[in-house]
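User: I'd like to learn how to read a structure like this one. Could you walk me through it, feature by feature?

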Amino acid sequence: SLFAAFIFCIPNISLTTRRLHDIGKDGWWQLRIGLLFLVPVIYMFVASFLPQWVFWVSIAISMLVILILAVWWIVWLVRQGDTGSNKYGPDPRTTPRS
């Protein structure tokens, strides 16, 4: 599965960048969101060295943050693109093909 993930990494980045451009966002948002997903993971790791009750509270907080980030990301990826042209080019739904 690691090999398949590596093989599909570049097409995934390309398609997500195109999708973000459709909604008027920069493709670098993928990196920003990815780094935001790392924050709760690092927080959970650091909390594992603290007392047990702090660890479980940090797990709950981290899972809530990850859930919020995931919903935010999914909403961005499934919403309809901007109508008309934006700074990334013309709207592919309204531009006639040659």
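Analyst: Happy to. Keep in mind that this is a predicted model. Let's begin with a single residue: Trp-28 is exposed, as its relative accessible area is 55% and the cut-off for exposed is over 50%.

User: Where does Trp-28 sit along the chain?

Analyst: Trp-28 lies in the loop between helix 2, residues 9–22, and helix 3, residues 29–47.

User: Which residues form a nonpolar patch on the surface together with Trp-28?

Analyst: The partners of Trp-28 in that nonpolar patch are Leu-31, Leu-35, Leu-38, Val-41, Ile-42, Phe-45, Val-46 and Phe-49. Together the patch has about 970 Å² of accessible area.

User: Now for another residue. Is Ser-62 buried or exposed?

Analyst: Buried means under 20% relative accessible area, and Ser-62 has 1%, so Ser-62 counts as buried. You'll find Ser-62 in helix 4, which covers residues 52–78.

User: What is Ser-62 in contact with, leaving aside its neighbours within four places in sequence?

Analyst: Ser-62 is in contact with Pro-40, Tyr-43 and Met-44 once those neighbours are set aside. While we're looking at Met-44, try Ala-60 too: their C-alphas are 9.4 Å apart, with their positions 16 residues apart in sequence. Ala-60 is in helix 4 and is partly exposed, at 48% relative accessible area.

User: How do I read the way two helices pack?

Analyst: Two packed helices are described by the angle between their axes and the distance between those axes. Here, helix 2 and helix 4 pack at about 75°, and their axes are 8 Å apart. An angle from 65 to 115 degrees counts as roughly perpendicular, so helix 2 and helix 4 are roughly perpendicular to each other. On the helix 2 side, the contact is made by Thr-16, Arg-19 and Leu-20. Helix 4 brings Trp-73, Trp-76, Leu-77 and Val-78 to that contact.

User: How many salt bridges does the structure hold?

Analyst: There are two salt bridges in the structure. To spot one, look for a side-chain nitrogen of Lys or Arg within 4 Å of a carboxyl oxygen of Asp or Glu. Asp-22 and Arg-18 make such a pair at 3.4 Å, N to O. The other pair is Arg-19 and Asp-22, at 3.6 Å, N to O.

User: Why are Asp-22 and Arg-18 separated by about one helical turn?

Analyst: Because Asp-22 and Arg-18 are four residues apart in helix 2, about one helical turn separates them. Arg-19 and Asp-22 are three residues apart in helix 2, so about one helical turn lies between them as well. The salt bridges share partners and join Arg-18, Arg-19 and Asp-22 into one network. As for surface exposure, Arg-18 is partly exposed at 37% relative accessibility.

User: Can we compare distance in sequence with distance in space?

Analyst: Sure, just read both numbers for a pair. Lys-25 and Lys-87 are 62 residues apart in sequence and 9.4 Å apart in space, going from C-alpha to C-alpha. For Ile-10 and Leu-67, the values are 57 residues and 25 Å, again C-alpha to C-alpha. Pro-90 and Leu-35 are 55 residues apart in sequence and 30 Å apart between C-alphas.

User: What does Lys-25 touch, not counting residues up to four places away in sequence?

Analyst: Lys-25 touches Leu-20, Trp-76 and Tyr-88. Lys-25 is placed in the loop between helix 2 and helix 3, and with a relative accessible area of 24%, Lys-25 is partly exposed.

User: And where are Ile-10 and Pro-90 placed?

Analyst: Ile-10 is in helix 2, whereas Pro-90 is in the segment after helix 4. Ile-10 counts as exposed at 63% relative accessibility, and Pro-90 counts as exposed at 51%.

Conventions:
Residues numbered from 1 in each chain as written. Predicted model: local features only at pLDDT ≥ 70, side-chain atom pairs only at ≥ 80, totals over all residues. Heavy atoms only, no water. Patch = residues over 30% accessible without salt bridge, like charges linked within 9 Å, V, L, I, M, F, W, Y side chains within 5 Å. Areas by Shrake-Rupley, 256 points an atom, 1.4 Å probe, with all protein chains shown as cover. Helix = DSSP H or I, 4+ residues; strand = E, 2+ residues; numbered from the N terminus. Buried < 20%, exposed > 50% of the residue type's maximum accessible area, 1.4 Å probe, protein only. Contact = heavy atoms within 4.5 Å. Axes fitted to C-alpha atoms, helices over the stretch in contact; angles between N-to-C directions. Parallel < 35°, antiparallel > 145°, perpendicular 65-115°, else oblique.
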